[in-house]
Amino acid sequence: MNERLAEGIMTSDTELELKLRFSEAAGWETLLKDDFLRQMAVEPEWRRDMLQAVYYDTASGELRKKRLTYRIRQESGQWMATVKGGGTATGGLHRRQEWNVPVDGPAVDLTVFKHSPAGALLAEAIGAAQLVPLCSTVFERHTLYIERAGHTGIEVAADRGEIVAGGKRAPILELELELKSGQPAEVLRLGAALVRRYPLVLESSSKYHRALVLAGLAETPELPSPEQRTAAMLIHLQALLDDCAGHPLTTRGVLQAEIASLLDLWAKLL
């Protein structure tokens, strides 16, 4: 576990991850058995864990109205409360604010966020209302930590399980690439290599949004055309690569070349 979490200190970061979905169930097992990712990993063996999470909102959906998510999840024997807010999702690439803090158990306790921006956001959205369970997920997660060019760290997580919401169930069969440090462009580059090798497609919806759709509380997003997705990705790539502009190994010319090459690559995948 991260040392800061073990000490009970809240973490606050902008989460950036690429979500992919297996179009064939056998592809999940194939990826885990293949050496392709293990050869890039700091430690070559997948780490397995069972995760269970419950998502909460008020009876009138005040958190959803404010585009906030409140989740309590058990992972590696540790309960973690998480608040996520805002963000964007473009071509499977998700970016949003996230606050995490360890808690003693699955009971809702909003006071753990009282000294953070998340606490103010929750207070404004909820007021005196109570949070109630909305949906849940149960899945096994296999993770690898990969180091790429430019000192970029990426956590690869292969998830298999199910979503339970509104008395219905839906499968989880996904792959997430989360940027831990370094250059966001490397997440796209690794994702492109994986899509070419395994039966993967871009996943534009989070597990939570899929649960809302399952419960009849949200609509399935209309998929944009390949042209619209390519144009949106160009804008998003520019923003992501601008984040790397201060890196000592990066120059403006390199950034321009990165934008051109990654856009061309991503357009083929879309």
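Tyr56, Tyr70 and Phe113 come together as one aromatic cluster, and this cluster is a convenient place to begin reading the structure, which is a predicted model. A search through the whole structure finds four aromatic pairs. One of them is made by Tyr55 and Tyr208, whose rings are stacked, with 5.0 Å from centre to centre and 20° between the planes. This pair links distant parts of the chain, since Tyr55 belongs to strand E2 (residues 47–57) while Tyr208 belongs to helix H6 (residues 207–214), 153 residues apart. Tyr55 and Tyr208 are both buried. Tyr70 and Phe113, by contrast, meet edge-to-face, with their centres 6.2 Å apart and 75° between the planes. Here too distant parts of the chain are linked, with Tyr70 in strand E3 (residues 68–75) and Phe113 in the loop between strand E5 (93–103) and helix H4 (117–126), 43 residues apart. Tyr70 and Phe113 are also buried.

From the rings we can turn to the nonpolar cores. The largest of these has 25 residues, and within it Leu37, Val156, Leu175 and Leu177 touch the most other members. At least two residues of this core come from each of strand E1 (11–22), helix H2 (26–33), strand E6 (132–148), strand E7 (152–165), strand E8 (168–181) and helix H5 (185–197). If residues up to four places away in sequence are left aside, Leu37 touches Leu31, Trp46, Leu144, Ile146, Val156, Leu190 and Leu194. Another core, of 17 residues, lies apart from the largest one, and Tyr70, Val103, Ala125 and Leu131 are among its members. Tyr70 therefore appears twice in this account, as a buried residue of the aromatic cluster and as a member of this other core.

Charged side chains add a further set of links, and the count of salt bridges comes to 22. In one of them the side chains of Asp34 and Arg197 meet, at 2.9 Å from N to O. Because Asp34 lies in the loop between H2 and E2 and Arg197 lies in helix H5, this pair ties together parts that are 163 residues apart in sequence. Arg197 is partly exposed, with a relative accessible area of 45%.

Two other salt bridges show how the partners can differ in their exposure. Arg64 and Asp57 meet at 3.0 Å, N to O, and whereas Arg64 is partly exposed at 26% relative accessible area, Asp57 is buried at 1%. In the bridge between Glu75 and Arg73, the closest N and O atoms are 3.2 Å apart; Glu75 counts as partly exposed at 28% relative accessibility, while Arg73 counts as buried at 13%.

Salt bridges can also join into a network, as they do for Glu17, Lys19, Arg141, Asp159, Glu174, Glu176, Lys207 and Arg210. Lys207 has a further partner, for its charged end sits over the ring of Phe139, 5.0 Å from the ring centre.

Finally, the backbone deserves a look. Most residues other than glycine have a negative phi. Arg67, however, has a phi near 60°, which is a positive value, and Arg67 is found in the loop between helix H3 (62–65) and E3. Ser76 has a positive phi as well, near 55°, and its place is in the loop between E3 and strand E4 (78–90). With 53% relative accessibility Arg67 counts as exposed, whereas Ser76, with a relative accessible area of 38%, is partly exposed.

Notes
Residues are numbered from 1 along each chain as its sequence is written. This is a predicted model: local features need pLDDT of at least 70, side-chain atom pairs count only at pLDDT 80 or more; totals for chains, interfaces and linings use all residues. Side-chain values use heavy atoms; hydrogens and water are left out. Rings of Phe, Tyr and Trp (its six-membered ring) pair if their centres lie within 6.5 Å; planes under 30 degrees apart count as stacked, over 60 as edge-to-face and the rest as tilted. Helices (H or I, at least four residues) and strands (E, at least two) are DSSP runs, numbered from the N terminus. Buried means under 20% relative accessible area, exposed over 50%, partly exposed in between (1.4 Å probe, protein chains only). A charge sits over a ring if NZ of Lys or CZ of Arg is within 6 Å of the ring centre and within 35 degrees of the ring normal. A nonpolar core is a set of buried Ala, Val, Leu, Ile, Met, Phe, Trp, Tyr and Cys residues joined through side-chain atoms within 4.5 Å. Contact means heavy atoms within 4.5 Å. A salt bridge is a side-chain nitrogen of Lys or Arg within 4 Å of a carboxyl oxygen of Asp or Glu.
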